[in-house]
Amino acid sequence: MDKHSILVCMGWEQLEIRLQKCEGWEQIEISLPNCSSLQVISFPVVQLHLNRTAMRASQKDFENAMNQVKLLKKDPGNEVKLKLYSLYKQATEGPCNMPKPGVFDLINKAKWDAWNALGSLPKETARQNYVDLVSSLSSSLESSSQVEPGTDRKSTGYETLMVTSEDGITKIMLNRPTKKNALNVEMYHEIMHALKAASKDDSAITVLTGNGDYYSSGNDLTNFTDIPPGGVEEKAKNGAVLLREFVGCFIDFPKPLIAWSMSSLWGIFRSPSLGYSIAVYASDRATFHTPFSHLGQSPEGCSSYTFPKIMSPAKATEMLVFGKKLTAGEACAQGLVTEVFPDSTFQKEVWTRLKAFAKLPPNAMRISKEIIRNREKEKLHAVNAEECSVLQGRWLSDECMNAVVNFLSRKSKL
Ligand SMILES: CCCCCCCCCC/C=C/CC(=O)SCCNC(=O)CCNC(=O)[C@H](O)C(C)(C)COP(=O)(O)OP(=O)(O)OC[C@H]1O[C@@H](n2cnc3c(N)ncnc32)[C@H](O)[C@@H]1OP(=O)(O)O
């Protein structure tokens, strides 16, 4: 009996396949890396050959996969993009042959690390892994896009949110607690989607909140590291378009919007959710922070206009220019927060109020909100556009780059 062993890479796993001939059949033993037992399968020889041929991705498969990547509707995230990049480089150029980028060149260093980590993986295997990865991405993104737009996407339909509807209340909860609910690009898009869906569903009011000990830690600072082929200028331009659309959704949201903050709220999510909510309820341990200057940035979410109107110009300056952190009590005294409750009774108190509000006639509430806010809408859109344009410039500044690098290299926490 003839016996040989080959190693095959499938996706990210390496399988050992042992073949042994046995009267017109070949027996395969597949050894899985994290599994002590061996699985034995018998195939007719002819089928085995077909399967082995199918394992090798052709140049055409590779090119198709490259085209498929361009058609992905949803951003697969930085980690996956780095894998795709490294496999592409390995498949086309072989082992990493570039000098290691400097420590501050975050993007190119991340790319270099990913490529270098592939060591001497053969080009063919890298090509196969690239094709497998793209195919798994396409199928997972297809299945998520099978959700009908505009239908009620429950918690499971979102990657970064939990959305539920009951008792006439739609609750949108940021759900990246391990990252303190920092807003990555996907979350910006999902919040916009959830707000649009909530504006059309049959709930009377909408509530925004965060899962875990932070309502939100603001913009995900790693958003700054994923640089497209057009460079940082293109990134900043796209960021400004995204931010303008995001804030625009809050300005145009037609129903009563209530922010429910048990915990700390920073940056980008704070300005729209405080500035445009018709009520903001906070637990007595919540804090509010806008460290724009610390990050080399400038106000967003129309806070440069709404905060001086809600608070006084001097208090708004302390918060927006000097980054002063407010406790819930201070924020309430300055009109940013509607009411503060003790942490121990917060949930019960707020929920009781929300349930009562949700029973009020929805059209009357919508029209009342409209009449309070409508004459400001045009102004708010203009302020939003101006703030985004100023921020686009700030994102390209050394002050902003250095602050992001310091945070990412763990040199500073605010
Ligand atoms: C050109 C770019 C285009 C981008 C697209 C549009 C962008 C629009 C931007 C609009 C402008 C917005 C302004 C703001 O939002 S300003 C606020 C920014 N936020 C911060 O500066 C907060 C940074 N975070 C911290 O200082 C601390 O994490 C914390 C919030 C004080 C909590 O500290 P703690 O010790 O309790 O927890 P950790 O630091 O260990 O955090 C746990 C993990 O979460 C990660 N994390 C937390 N916050 C962020 C964040 N904002 N961005 C990215 N990652 C964050 C942290 O790294 C830890 O991750 P790890 O476990 O993997 O290490």
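Start by selecting A236, K237, G239, A240, L243, R244, V247, G248 and I251 in α7, then add K377, L380, H381, N384, A385, C388, S389, L391 and Q392 in α13: these two sets meet, contact being C-beta atoms, placed from the backbone, within 7 Å. By class, they divide into nine nonpolar, six polar and three charged (Ala, Val, Leu, Ile, Met, Phe, Trp, Tyr, Cys and Pro are nonpolar; Asp, Glu, Lys and Arg charged; the others, Gly among them, polar).

A word on what you have open. This is a predicted model, where local features need pLDDT of at least 70 and side-chain atom pairs count only at pLDDT 80 or more, while totals for chains, interfaces and linings use all residues. Residues are numbered from 1 along each chain as its sequence is written.

Now show the whole of α7 and α13 (residues 362–394): they pack at about 160°, axes 9 Å apart. α7 is therefore roughly antiparallel to α13 (over 145 degrees; oblique is what remains outside under 35, 65 to 115 and over 145). The crossing is right-handed, the near helix being turned clockwise from the far one by less than a right angle.

Next, go to S217, in the loop between β8 (214–216) and α7 (231–252). S217 has 23 other C-beta atoms within 10 Å, so it is buried (20 or more is the cut-off). Add T290: it lies 73 residues from S217 in sequence, yet the C-alpha atoms are 9.9 Å apart.

For the inside, pick L161, I172, A194, I258 and A282, which touch the most other members of the largest nonpolar core, 62 residues in total. Such a core is a set of buried Ala, Val, Leu, Ile, Met, Phe, Trp, Tyr and Cys residues joined through C-beta atoms within 7 Å. Colour helix α6 (residues 185–200) too, as it gives this core its largest share, eight residues. Then centre on A282, which touches S261, A328, A331, V337 and V340, leaving out residues up to four places away in sequence. A second, separate core has 10 residues, including A57, L87, A126 and V131.

Last stop: α9 (residues 303–310) and α10 (residues 313–320), whose axes come within 7 Å and cross at roughly 135°. They are therefore oblique to each other. Select S303, S304, F307 and P308 of α9 with P313, A316, M319 and L320 of α10 to see the contact: six nonpolar, two polar and no charged residues.

Zoom out, and the chain has 14 helices and 14 strands (DSSP runs: H or I of at least four residues, E of at least two).

Key. Axes fitted to C-alpha atoms, helices over the stretch in contact; angles between N-to-C directions. Buried ≥ 20, exposed ≤ 12 C-beta atoms within 10 Å, placed from the backbone.
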